[in-house]
Amino acid sequence: MAEIKTPHDVLKLGREAGAKAVDFRFMDFPGLWQHTTIPFTRLKEDTFEEGQGFDGSSIRGWQAINESDMLLIPDPTTAFMDPFAQIPTLVLICDIQDPVTGEDYSRDPRNVARKAVNYLRSTGIADTAFFGPEAEFFIFDDVRFDQRNHEAYYYIDSNEAEWNRGRVEKPNLGHKIRHKEGYFPCPPADQLMDLRNEMMITMMECGMDVETQHHEVGTAGQAEIDLRFAELVRMADQLVMYKYIVKNVARKYGKTVTFMPKPIFGDNGSGMHTHFSLWKEGEPLFAGGGYAGLSEMALYAIGGILKHAPSIIAFSNPTTNSYRRLVPGYEAPVNLAYSQRNRSAACRIPMYSPSPKSKRIEFRCPDPSCNPYFVFSALMMAGIDGIQNKIHPGEPLDKDIYDLPAEEALLVQKTPGSLEEALNALESSHDFLLKGDVFTEDVISTWISYKRKREVDPIRLRPHPYEFCLYYDV
């Protein structure tokens, strides 16, 4: 697809593709894509400056009812043709502005990411932050769930799940994937290869650079598709497109996708290991002669990330379900340490390639339920703080954490054990996020308040089905 840079380019693309509609899309505060549509004939070059009005009070975590009017300002560089719309539809990702002041809206997640990039450049440390997330997800064949005053349940199913080995399928052909044995099996055990290939090809047709796709460790359709690294805002845009494409390709074939971190008990959850590096004038800054081929700058960045990890995790692991995956004693990266090979460490240094351009930090805590604009920004801000204040991360954790003596294991700090703990950490320590007005006090307090009222409290107040197994006979 030809590179789109200007409003003129967008209009040309739409005409050549026979577009009949234009879909304006933007990210809400918690992290779901929203949209509104206009006829293609109403899209003019002026629209990219004047914007499209909408009601901001109806978007989660945004405006009060008495300040509801907002503007969508489309970014011409984000244009692509929707691969699922029956009527040819041009898609544009938008920024949000206040129509009265003309200022970018502080609670717009994409605006936070743009400010993060501007702050990075203002420091003189680097001019580009690259990110490469590895988002995992589950593809199910059926899902049902409900919660009422007197009952609660969920039910998920997958044709390749281990629990269906004995199901009457007339015929059941076997080849079900055992728990924790889903990594890389060939068909017929891997029943979803063609589906993932279509997801991959659709992403490429929308201008995304895909590196690989494969079945993941979990039974019941766990999958991963990896994108080649890109600069911060572009990668956040792509990750939102990624979710849209994956969900809609699955739906096309009567299947459903979830990015929920831990939908299945007793099997692997879905993470989003995130690779991060800084560059300046086309040269990588994290390669050097230190541990694992890292530069001093990279080590300081790790120091900042580990120091601020509990606060970052309030964004990178933003659901109560996230902490069903981040559990000590399993493969989950709950140890706030760094290592070149230890996958239970929060920060890993990949060693696949000796090239300086491949030298990066992998932050392994995040999961794909997150808002990528916030996560990438918070991760970069923590790294910058580490560089500015020369925060050394200490000694690497290259030992098997499970074989450490108890007294030594106690010295390794752990990630927060719940969303409430992570929110408390963010509330008490977030000055590093306020630099350059990247995050504002309003954004942080709104995030904390929203999560406590809409997620932490509702879960805390409801009986859990397993409590009946434990306590009904007390």
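Strand β4 (residues 69–74) pairs with strand β6 in the antiparallel sense over 4 bridges; strands (E, at least two residues) and helices (H or I, at least four) are DSSP runs numbered from the N terminus, and two strands pair if DSSP finds at least two bridges between them. The model is a predicted one, in which local features need pLDDT of at least 70, side-chain atom pairs count only at pLDDT 80 or more, and totals for chains, interfaces and linings use all residues. Residues are numbered from 1 along each chain as its sequence is written, and side-chain values use heavy atoms, with hydrogens and water left out.

Within the β4 pairing, Pro74 has Cys94 of β6 as its bridge partner. Strand β5 (residues 80–81) also pairs with β6 in the antiparallel sense, over 2 bridges, and here Met81 is matched with Leu90. Strand β1 (residues 21–27), by contrast, runs parallel to β6 and is joined to it by 5 bridges. In β6, Leu90 stands opposite Val22.

Strand β6 itself covers residues 89–97, and because 9 of its 9 residues are buried, it is largely enclosed by the rest of the structure. Buried means under 20% relative accessible area, exposed over 50%, and partly exposed in between (1.4 Å probe, protein chains only). In a regular strand the side chains alternate between the two faces of the sheet. In β6, Thr89, Val91, Ile93, Asp95 and Gln97 point one way, while Leu90, Leu92, Cys94 and Ile96 point the other way.

Two helices were examined for length and burial. Helix α3 (residues 109–123) has 15 residues and extends 22 Å from its first C-alpha to its last, close to the expected 21 Å; the expected span is 1.5 Å times one less than the number of residues. Among the buried residues of α3 are Pro109, Val112, Val117, Tyr119 and Leu120. At the start of α3, a side-chain oxygen of Asp108 comes to within 3.1 Å of the backbone nitrogen of Arg110. Just after the helix, Gly124 has a positive phi of about 80 degrees.

Helix α8 (residues 372–388) has 17 residues, and the 24 Å between its end C-alpha atoms agrees with the expected 24 Å. Because 16 of these 17 residues are buried, α8 is largely enclosed by the rest of the structure. Lys390, which follows α8, has a positive phi near 50 degrees.

Glu281 lies in the loop between β14 (272–280) and β15 (283–284). With 70% relative accessibility, Glu281 counts as exposed. Glu281 and Asp127 are 154 residues apart in sequence, yet their C-alpha atoms are 7.0 Å apart in space.

Notes. Polar contact = N/O pair within 3.5 Å; in protein donor to acceptor, adjacent residues only side chain to side chain.
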